[in-house]
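Here is a protein model to explore together. Take a moment to look it over, and then follow the notes from one topic to the next.

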Amino acid sequence: IWRNMSSLHLHHNQFTRVSQLPAYTFIDDLDLSFNKLGGLVPFPSVGRELDYSNNKFFSIRPLTSSDWSGSLARSIKLANNKLIGRIPYMECHQDYNLTKLDLSGNNFSGLVPPYLLKGCGNALEAVNLRDNHLNGTWPDEMGESCCLVVIDLHGNQIQGRLPRSLASCNFLEELDIGGNKFVDVFPSWLGNNPVLRLLILRSNKFYGRLS
């Protein structure tokens with residue numbers, strides 16, 4: 001049944017467990033959202049679009065290059081689960097295909113991983129870490145190779161200044177850092193970005209001249 005299946009949508013059911021699919025399985029679009037799946041997040045190599053959001057997963061192991069070898073995953077959604085601890089390390093390499101990562105609405109804590117905000121191998125375009133418990137400062141390590149289009153850090157506890165290296169993200173269209181603890185002057189330097197169209201700074205401690 002799995003050999004010729006390109007899409008599998010099982011969202012809004014009562015499934016509690018997903019078994020490892022056969023090695024030859026490739027389902028281009030796998031949607032298991034809005035179920036009762038728990039435990040360890042399944043190995044992410046079965047397709048391009050993977051939606052595991054709105055379940056009860058509580059753990060995701062660190063992912064190495066061998067995990068991603070041959071993987072064509074381009075979008076992984078894990079929003080609104082019960083994931084805890086630090087955001088797991090994901091080893092970036094030249095064959096990295098992931099462009100969208102959604103870890104919003106979980107219980108992640110600790111620092112924001114710099115490699116994610118640098119675009120992880122220059123492939124990652126959208127990072128959503130909204131509504132977690134991330135803290136510390138935002139590392140000033142974006143770099144001129146930043147390819148991110150969307151950054152959403154809304155509703156965390158991140159503090160300090162906005163990294164000035166964000167000015168190097170020439171593809172950045174949406175930046176939402178509302179509901180954090182940033183303390184900085186209004187980032188007028190972002191006005192040099194040619195494509196930025198959404199900027200949310202509310203509920204922080206920005207000060208000085210609004211220009």
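Arg-130 is partly exposed in this predicted model, because its relative accessible area of 26% falls between the 20% that limits buried residues and the 50% above which residues are exposed. Two aspartates that form salt bridges with Arg-130 make a good starting point, and both are described below.

**Arg-130 and its partners**

- Asp-152 forms a salt bridge with Arg-130, and their closest N and O atoms are 3.2 Å apart.
- Asp-152 belongs to strand 12 (residues 150-152), while Arg-130 sits in the loop between strand 10 and strand 11 (133-134), so this salt bridge ties together parts of the chain 22 residues apart in sequence.
- Is Asp-152 buried or exposed? Asp-152 is buried, because its relative accessible area of 12% is under the 20% cut-off.
- Asp-176 also forms a salt bridge with Arg-130, with 3.0 Å between the closest N and O atoms.
- Asp-176 lies in strand 14 (residues 174-176) and Arg-130 in the loop between strand 10 and strand 11, so here the linked parts are 46 residues apart in sequence.
- Asp-176 counts as buried, because its relative accessibility of 8% is under 20%.
- Through shared partners, salt bridges join Arg-130, Asp-131, Asp-152 and Asp-176 into one network.

**Another salt bridge**

- How many salt bridges does the structure hold? There are seven salt bridges in the structure.
- One of them is a meeting of the side chains of Asp-28 and Arg-48, at 2.6 Å from N to O.
- This pair links distant parts of the chain, 20 residues apart: Asp-28 is in the loop between strand 1 and strand 2 (29-31), and Arg-48 is in the loop between strand 3 (38-40) and strand 4 (49-51).
- Asp-28 is partly exposed at 26% relative accessibility, and Arg-48 is partly exposed with a relative accessible area of 33%.

**The sheet**

- Nine strands form an open sheet with parallel pairing, and their order is 1-2-4-6-8-10-12-14-16.
- Which strands stand at the edges? Strand 1 (7-9) and strand 16 (198-200) do, and each has a single partner strand, so one side of each has no neighbour in the sheet.
- From one strand to the next, the twist averages 5 degrees.
- For a look at one pairing, find strand 8 (residues 100-102) and strand 10 (residues 126-128), which pair in the parallel sense over three bridges.
- Lys-100 has Ala-126 in strand 10 as its bridge partner.
- As background, strands of a sheet pair through backbone hydrogen bonds, and the pairing can be parallel or antiparallel.

**Asp-184 and its surroundings**

- Asp-184 is part of strand 15 (residues 181-185).
- Asp-184 is buried, because its relative accessible area of 3% is under 20%.
- What does the side chain of Asp-184 reach at 3.0 Å? The side chain of Asp-184 reaches the backbone nitrogen of Leu-162.
- The side chains of Asp-184 and Arg-164 are joined by a polar contact of 2.6 Å.
- Leaving out residues up to four places away in sequence, Asp-184 touches Arg-161, Leu-162, Arg-164, Lys-205, Phe-206 and Tyr-207.

Conventions: Residues are numbered from 1 along each chain as its sequence is written. This is a predicted model: local features need pLDDT of at least 70, side-chain atom pairs count only at pLDDT 80 or more; totals for chains, interfaces and linings use all residues. Side-chain values use heavy atoms; hydrogens and water are left out. Helices (H or I, at least four residues) and strands (E, at least two) are DSSP runs, numbered from the N terminus. Buried means under 20% relative accessible area, exposed over 50%, partly exposed in between (1.4 Å probe, protein chains only). A polar contact is a pair of N or O atoms within 3.5 Å; within protein, one must be able to donate a hydrogen and the other to accept it, and residues adjacent in sequence count only if both atoms are side-chain atoms. Contact means heavy atoms within 4.5 Å. Two strands pair if DSSP finds at least two bridges between them. Axes are lines fitted to C-alpha atoms, for helices over the stretch in contact, and angles run from 0 to 180 degrees between N-to-C directions. A salt bridge is a side-chain nitrogen of Lys or Arg within 4 Å of a carboxyl oxygen of Asp or Glu.
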